[in-house]
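Student: Please take a close look at a single part of this structure, and then work outward from there to the other places that deserve attention. I am new to it, so please explain each term as you go.

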Amino acid sequence: MVVVGDSSGPGEDPRGRAESRMQSRVLCALRDHGPQSRPELGAQMGVSRTTVGVEVGRLVTLGLVREQAIGGGPPGAGRRSTVVDLSPDIRFVGVAVGVTEMAVAVTDGHLAVLEEWHGPCELAQGPDVVLAEVVTRARALLAASGAEVPWGLGIGLPGPIDFAAGAPVAPPLMPGWDGHPVREQLARALGCPVVLDNDVNLMAVGELHACSGAGGDLLFVKMGSGIGCGVVVAGRLHRGSNGCAGDIGHVEVVAGDGRRCACGSTDCLEAHAGGAALLREATAAAERGDSAWLAQRLATRREAGAEDLELGDLGEALAAGDRVTATLLREGGRRVGHVLAGLVSFLNPAVIVVGGRVSGLGHVLLAEIRSATYRRSLPQATRDLRIVLSELPEQGGVVGAAHLVSDVVLAPATGVGDTPPHL
Ligand SMILES: [Zn+2]
């Protein structure tokens, strides 16, 4: 694990660092479970009160933790209990960059979003323009949250990432980004540790953070123009030996019709069930006159200068009871469910979260994904399996990004060979 950026700046730098594995455990317990008394913390971590007391005392000195009296009563009026919490000064920045939009958020130590910004961003303008925007937005949000310095920044980009190098690798949708040292550039500009990953991995971590019942085994399926999957096993992101784990969009579907995928192969899952494929099919159905509703909407779109239907049109068509659209989505959901059934047999996850813009079309799709996944999996593997829509459609990426970098900042003492969760 390589982290660029040094939080030990000039003497007045308020940002402390954990010194031991036990301190890292205290910090992560406070991040994930909120403020607690010393005895509660000891019970949760399975260590003695004395040990907790020593570590908490040290963390207070380092400025990472504070203790506060609760239960009222003026000072000196008898015994009062105290709770331990993360320093209110801690700030993480989470950034999720898409092809045409960007989200930036500042969180506290518990990863609660304090300030956020969503706006347009043309990835094709290249790294210098886009990263300058990231730095400007991050600084403005930090100031609005009452802080000057970030403790760490996590950022996601929509393409393959060399995690160890902190740079994109031959990203198909990102001209000018190949090999660009994103992590180093941001760490230098902001003077804090930076973690770079792909957008789907960040969303998987964000969902894990929001989904306390996942128990650490979770799949996040992003259905956007393409289809990707973030894989969390035993609380850790599984990236694979080349960072390609979860690239399910190019798994071959059963009984395909030979249609071409953007990757050059045929009958890939996303060529059948990705958002771009669904829109192509819906547009073709409108041109053939299979659906009067879609044909009318397509005519309206073309009068306005567009070529194809948009995802929002499919949502409206569904609401209007258009059967062609419902069949298209059911077919797409069935194909996604087939692939997920293979993953369920292989990994036995507790939760599968479905997100991305296509998932916004709602329950027709989810119902079909569920039914195909359950039908094709062994009962033992699906006995407790939950398949749900994303709980964080707007914030999953930024919260996941903040979570990833918080592991680096709060748990640096775990070291290589026993990497903290998600790293
Ligand atoms: Zn493909």
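**A charged pair and its surroundings**

Tutor: Lys222 is partly exposed, with a relative accessible area of 22%, where buried stands for under 20% relative accessible area, exposed for over 50%, and partly exposed for what lies in between, using a 1.4 Å probe and protein chains only. Before going further, please keep in mind that this is a predicted model, in which local features need pLDDT of at least 70 and side-chain atom pairs count only at pLDDT 80 or more, whereas totals for chains, interfaces and linings use all residues. Residues are numbered from 1 along each chain as its sequence is written, and side-chain values use heavy atoms, with hydrogens and water left out.

The partner of Lys222 is Asp199, and the two form a salt bridge whose closest N and O atoms are 2.9 Å apart; a salt bridge here is a side-chain nitrogen of Lys or Arg within 4 Å of a carboxyl oxygen of Asp or Glu. This pair links distant parts of the chain, since Asp199 belongs to helix 6 (residues 199-210) and Lys222 to strand 10 (residues 218-223), 23 residues apart. Helices (H or I, at least four residues) and strands (E, at least two) are DSSP runs numbered from the N terminus. Unlike the partly exposed Lys222, Asp199 counts as buried, at 12% relative accessibility.

The whole structure holds 17 salt bridges by this search, and two others help to set the first in context. Arg302 is bridged to Glu287, with the closest N and O atoms 2.8 Å apart. Because Arg302 lies in helix 9 (residues 292-303) and Glu287 in helix 8 (residues 275-288), this pair ties together parts that are 15 residues apart in sequence. Arg302 counts as partly exposed, at 37% relative accessibility. Salt bridges with shared partners also join Arg297, Arg301, Glu310, Asp313 and Glu316 into one network. In another pair, Asp32 forms a salt bridge with Arg31, again with closest N and O atoms 2.8 Å apart; Asp32 is partly exposed at 37% relative accessibility, while Arg31 is buried at 4%.

Arg91 offers a contrast to these pairs. It sits in the loop between strand 2 (81-86) and strand 3 (92-97), and it is buried yet has no salt bridge, the nearest side chain of opposite charge, Asp89, being 6.0 Å away. For such charges, Lys and Arg count as positive and Asp and Glu as negative, with His and the chain ends not counted. A polar atom of the Arg91 side chain does lie 2.9 Å from the backbone oxygen of Ser145. Setting aside residues up to four places away in sequence, Arg91 touches several residues, among them Val106, Leu142, Ser145 and Trp151, where contact means heavy atoms within 4.5 Å.

Gln36 is another buried residue, with a relative accessible area of 6%, and its place is the loop between helix 1 (21-33) and helix 2 (38-45). A polar atom of its side chain is 3.2 Å from the backbone oxygen of Gly34. Beyond its neighbours within four places in sequence, Gln36 is in contact with residues including Ala29, Leu41 and Val84.

For the overall layout, the protein is divided into domain 1 (21-86), domain 2 (92-206 + 395-414) and domain 3 (214-389), with bounds that come from an automatic or database domain assignment. The centres of domain 1 and domain 3, taken over C-alpha atoms, are separated by 45 Å. Val408, in helix 14 (residues 396-410), is buried with a relative accessible area of 6%, and its C-alpha atom is 12 Å from that of Arg21, although the two are 387 residues apart along the chain.

Key:
Polar contact = N/O pair within 3.5 Å; in protein donor to acceptor, adjacent residues only side chain to side chain.
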